[in-house]
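Grab your favourite viewer and work through the exercises below. Each one sets a task and then walks through a solution.

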Amino acid sequence: MAWKFENDTPIYLQIMDKIKRDIAGGILSPGSKIPSVRELAIEAGVNPNTMQKALQTLENEGILYSQRTSGRFVAESVDDTVKNNICEDILRKFTEKMYELGYSDEDMVMRLEDYLKKSPKKTGGN
(Lines give C-alpha, C1' and ligand atoms only; values in the text may rest on other atoms or scores of the structure.)
Protein backbone atom coordinates (compact mmCIF):
# COMPACT_ATOMS: atom_id res chain seq x y z
CA MET A 1 0.00 0.00 0.00
CA ALA A 2 1.39 3.40 -0.99
CA TRP A 3 2.17 5.97 1.68
CA LYS A 4 -0.10 8.99 1.95
CA PHE A 5 1.40 12.30 0.79
CA GLU A 6 0.13 15.87 1.02
CA ASN A 7 0.24 18.22 -1.96
CA ASP A 8 1.71 21.22 -0.13
CA THR A 9 5.17 19.78 0.71
CA PRO A 10 7.76 18.10 -1.51
CA ILE A 11 7.47 14.31 -1.33
CA TYR A 12 11.10 13.75 -0.36
CA LEU A 13 10.59 15.97 2.72
CA GLN A 14 7.47 14.00 3.67
CA ILE A 15 9.46 10.76 3.31
CA MET A 16 12.14 12.18 5.57
CA ASP A 17 9.50 13.20 8.13
CA LYS A 18 7.95 9.72 8.09
CA ILE A 19 11.30 8.03 8.64
CA LYS A 20 12.10 10.47 11.46
CA ARG A 21 8.71 9.76 13.08
CA ASP A 22 9.35 6.02 12.73
CA ILE A 23 12.66 6.48 14.53
CA ALA A 24 11.15 8.70 17.24
CA GLY A 25 8.26 6.27 17.71
CA GLY A 26 10.52 3.24 18.04
CA ILE A 27 9.42 1.59 14.78
CA LEU A 28 13.00 1.99 13.54
CA SER A 29 15.53 1.59 16.32
CA PRO A 30 19.11 2.86 16.38
CA GLY A 31 21.39 0.46 14.53
CA SER A 32 18.55 -1.15 12.58
CA LYS A 33 18.91 -1.73 8.86
CA ILE A 34 16.40 0.03 6.65
CA PRO A 35 15.08 -1.47 3.42
CA SER A 36 16.77 -0.66 0.13
CA VAL A 37 15.91 2.43 -1.91
CA ARG A 38 14.03 0.29 -4.41
CA GLU A 39 12.03 -1.55 -1.72
CA LEU A 40 11.09 1.67 0.05
CA ALA A 41 10.18 3.38 -3.23
CA ILE A 42 7.85 0.53 -4.14
CA GLU A 43 6.31 0.52 -0.65
CA ALA A 44 5.81 4.31 -0.73
CA GLY A 45 4.66 4.41 -4.34
CA VAL A 46 7.31 6.95 -5.37
CA ASN A 47 10.13 7.20 -7.88
CA PRO A 48 13.38 5.61 -6.60
CA ASN A 49 15.18 8.91 -7.26
CA THR A 50 12.83 10.67 -4.85
CA MET A 51 13.47 8.03 -2.20
CA GLN A 52 17.23 8.23 -2.81
CA LYS A 53 17.13 12.01 -2.31
CA ALA A 54 15.28 11.61 1.00
CA LEU A 55 17.63 8.92 2.29
CA GLN A 56 20.74 10.79 1.16
CA THR A 57 19.53 13.92 2.92
CA LEU A 58 18.91 11.90 6.10
CA GLU A 59 22.46 10.61 5.79
CA ASN A 60 23.77 14.14 5.39
CA GLU A 61 21.90 15.07 8.58
CA GLY A 62 23.54 12.16 10.44
CA ILE A 63 20.26 10.31 11.00
CA LEU A 64 21.20 7.40 8.73
CA TYR A 65 24.56 6.01 7.71
CA SER A 66 25.69 3.67 4.94
CA GLN A 67 27.93 0.66 5.02
CA ARG A 68 29.21 0.08 1.52
CA THR A 69 28.15 -3.54 1.10
CA SER A 70 25.49 -3.83 3.81
CA GLY A 71 23.05 -0.98 3.17
CA ARG A 72 21.74 1.89 5.26
CA PHE A 73 21.23 1.91 9.00
CA VAL A 74 19.73 4.19 11.64
CA ALA A 75 22.48 6.06 13.47
CA GLU A 76 23.02 4.93 17.06
CA SER A 77 22.55 8.30 18.74
CA VAL A 78 19.53 9.79 17.01
CA ASP A 79 16.30 8.72 18.70
CA ASP A 80 16.13 11.49 21.36
CA THR A 81 17.53 14.11 18.98
CA VAL A 82 15.04 13.21 16.26
CA LYS A 83 12.15 13.13 18.71
CA ASN A 84 13.11 16.54 20.13
CA ASN A 85 13.45 18.02 16.63
CA ILE A 86 10.03 16.68 15.63
CA CYS A 87 8.55 18.11 18.82
CA GLU A 88 10.13 21.51 18.13
CA ASP A 89 8.75 21.49 14.59
CA ILE A 90 5.23 20.61 15.77
CA LEU A 91 5.35 23.31 18.44
CA ARG A 92 6.65 25.88 15.94
CA LYS A 93 3.82 25.13 13.50
CA PHE A 94 1.25 25.13 16.31
CA THR A 95 2.35 28.49 17.70
CA GLU A 96 2.58 30.07 14.23
CA LYS A 97 -1.02 29.04 13.50
CA MET A 98 -2.24 30.18 16.90
CA TYR A 99 -0.51 33.58 16.53
CA GLU A 100 -2.18 33.92 13.11
CA LEU A 101 -5.52 33.41 14.89
CA GLY A 102 -4.62 36.14 17.39
CA TYR A 103 -3.95 33.96 20.43
CA SER A 104 -1.47 35.10 23.07
CA ASP A 105 1.00 32.72 24.72
CA GLU A 106 -1.26 32.51 27.78
CA ASP A 107 -4.30 31.77 25.60
CA MET A 108 -2.42 28.99 23.82
CA VAL A 109 -1.41 27.37 27.09
CA MET A 110 -4.96 27.59 28.42
CA ARG A 111 -6.45 26.15 25.20
CA LEU A 112 -3.91 23.32 25.14
CA GLU A 113 -4.55 22.46 28.79
CA ASP A 114 -8.32 22.44 28.15
CA TYR A 115 -7.84 20.24 25.09
CA LEU A 116 -5.66 17.75 26.98
CA LYS A 117 -8.21 17.49 29.79
CA LYS A 118 -11.01 16.68 27.32
CA SER A 119 -9.17 14.43 24.88
CA PRO A 120 -8.68 10.70 25.42
CA LYS A 121 -5.20 9.77 26.58
CA LYS A 122 -2.86 8.26 24.00
CA THR A 123 -0.07 5.78 24.63
CA GLY A 124 3.35 7.18 25.41
CA GLY A 125 2.04 10.04 27.56
CA ASN A 126 0.82 10.60 31.10
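**Exercise 1. Find which residues of helix α2 (residues 37-44) are buried, and work out how they sit around the helix.**

Step 1. Pick out the buried residues of α2: they are Val37, Leu40, Ala41 and Ala44. Buried means under 20% relative accessible area, exposed means over 50%, and partly exposed is in between (1.4 Å probe, protein chains only). Helices (H or I, at least four residues) and strands (E, at least two) are DSSP runs, numbered from the N terminus.

Step 2. Look down the axis of α2: the buried residues fall within an arc of 100°, so they line one face of the helix. That arc is taken from the directions from the helix axis to the C-beta atoms.

Step 3. Turn to the face pointing away from the buried side, and you'll meet the exposed residues Arg38 and Ile42.

Step 4. Ask what covers the buried residues: the cover includes α3 (48-60) and β2 (71-74).

Step 5. Step just past the end of α2, where glycine 45 takes a positive phi of about 75°.

A word on the ground rules: this is a predicted model, in which local features need pLDDT of at least 70 and side-chain atom pairs count only at pLDDT 80 or more, while totals for chains, interfaces and linings use all residues. Residues are numbered from 1 along each chain as its sequence is written, and side-chain values use heavy atoms, with hydrogens and water left out.

**Exercise 2. Take alanine 41 and describe its surroundings.**

Step 1. Place alanine 41: it's in helix α2.

Step 2. Check its burial: the relative accessible area is 4%, so alanine 41 is buried.

Step 3. List its contacts (heavy atoms within 4.5 Å). Leaving aside neighbours within four places in sequence, alanine 41 is in contact with Val46, Asn47, Pro48 and Met51.

Step 4. For a distant landmark, try tyrosine 103: it is 62 residues from alanine 41 in sequence and 41 Å away in space, C-alpha to C-alpha.

**Exercise 3. Find the residues with the most contacts inside the largest nonpolar core, and say where the core gets its residues.**

Step 1. A nonpolar core is a set of buried Ala, Val, Leu, Ile, Met, Phe, Trp, Tyr and Cys residues joined through side-chain atoms within 4.5 Å. The largest one has 23 residues, and Met51 and Leu55 have the most contacts inside it.

Step 2. Trace the contributors: α1, α2 and α3 each supply at least two residues of this core, with the largest share, five residues, coming from α1.

Step 3. Follow methionine 51 outwards. Not counting neighbours within four places in sequence, methionine 51 is in contact with Trp3, Ile15, Val37, Leu40, Ala41, Ala44 and Val46.

Step 4. Put this in context: in soluble globular proteins, nonpolar side chains tend to be buried together.

**Exercise 4. Compare the burial and contacts of isoleucine 19 and lysine 20.**

Step 1. Isoleucine 19 is in helix α1, and lysine 20 is placed in α1 too.

Step 2. Isoleucine 19 is buried, with a relative accessible area of 5%. Lysine 20 is buried as well, at 18%.

Step 3. Leave out residues up to four places away in sequence, and isoleucine 19 touches Leu28, Leu55 and Leu58. With neighbours within four places left aside, lysine 20 is in contact with Leu58, Glu61, Ile63, Val82 and Ile86.
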